[in-house]
Amino acid sequence: MTQIQSLSQASRLIAAAEAAQRRAYCPYSRFPVGAAVMAEDGTIHSGCNIENASYGLALCAERNAAAAAVLGGKRLFKVVAVVARLARPCGACRQVLLEFSDKTTRLILVHQAPRRRIETTSLLALLPKAFNPREAGLRRARNGGL
Ligand SMILES: [Zn+2]
């Protein structure tokens with residue numbers, strides 16, 4: 001069952017990701033990305049990519065959104081929206097999002113080129129056989145996690 005409760009909820013989340021995308025700092029790649037996380041309580045936390053002249057220091061929109069949510073005290077993400085020309089979270093972001101997700105967490109990927117297209121999927125679909133803290137026998141405080 002999807003956790004996307006309503007079309008308006010999904011629209012609000014996508015709008016937040018699009019607003020974040022407009023704030024992206026990406027002078028090197030010119031590949032702006034926006035992301036927004038809807039936490040278990042319905043609050044929305046967003047982030048954009050932030051590049052650096054030292055390329056390896058770039059920060060992804062998805063991880064920035066996750067950081068904003070965690071800073072806001074959230075530990076379980078229900079829906080994550082990503083907006084970009086090609087909205088494909090990198091492997092690192094998939095693993096970080098997994099940390100705060102459960103089996104019902106959904107992703108809304110808004111691809112903007114060559115034409116706008118919306119794809120919904122799950123972290124499990126994007127990151128099969130992920131490093132799973134539970135399987136690894138790692139204890140952690142209460143939060144999401146598959
Ligand atoms: Zn990433």
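This passage walks through the sheet and the helices of a predicted model.

At the centre of the description is an open sheet built from 5 strands, and its pairing is mixed. Read across, the strands come in the order β2-β1-β3-β4-β5. The two edges belong to β2 (44-48) and β5 (117-122), each of which pairs on one side only. Going from one strand to its neighbour, the direction turns by 15° on average, if one ignores which way the strands run. As background, strands of a sheet pair through backbone hydrogen bonds, and they can do this in a parallel or an antiparallel way.

Both kinds of pairing turn up around β4. On one side, β3 (residues 77-84) and β4 (residues 106-111) run parallel and are joined by 6 bridges. Within this pair, V79 has R106 of β4 as its bridge partner. The pairing of β4 with β5 also comes with 6 bridges, but here the strands run antiparallel. In this pairing, L109 stands opposite E119 in β5. β4 and β5 make a hairpin, with 5 residues sitting between them.

So how many of the 6 residues of β5 are buried? The number is 0, so β5 lies largely in the open.

Now for the helices. Helix α1 (residues 7-21) lies across four strands, namely β1 (34-39), β2, β3 and β4. Relative to β1, α1 runs at about 140°.

Helices α2 (residues 61-71) and α3 (residues 91-99) pack against each other, with an angle of about 20° and axes 9 Å apart. That angle is under 35 degrees, which means α2 counts as roughly parallel to α3. The two helices cross in a left-handed way. Where they meet, E62, R63 and A66 come from α2, while α3 brings C93, V96 and L97. Sorted by class, this contact has 4 nonpolar and 2 charged residues, and no polar ones.

One residue of α2 deserves its own look: L71 lies in this helix. Is L71 buried or exposed? L71 has 9 C-beta neighbours inside 10 Å, and 12 or fewer is the cut-off for being exposed, so L71 counts as exposed. L71 can also be placed relative to H45: the two are 26 residues apart along the chain, and their C-alpha atoms are separated by 9.5 Å. H45 falls within the range of β2 (44-48), one of the edge strands.

Notes
Residues numbered from 1 in each chain as written. Predicted model: local features only at pLDDT ≥ 70, side-chain atom pairs only at ≥ 80, totals over all residues. Pairing = 2+ DSSP bridges. Axes fitted to C-alpha atoms, helices over the stretch in contact; angles between N-to-C directions. Contact = placed C-beta atoms within 7 Å. Parallel < 35°, antiparallel > 145°, perpendicular 65-115°, else oblique. Left-handed = near helix turned anticlockwise from the far one by under 90°. Nonpolar A, V, L, I, M, F, W, Y, C, P; charged D, E, K, R; others polar. Buried ≥ 20, exposed ≤ 12 C-beta atoms within 10 Å, placed from the backbone.
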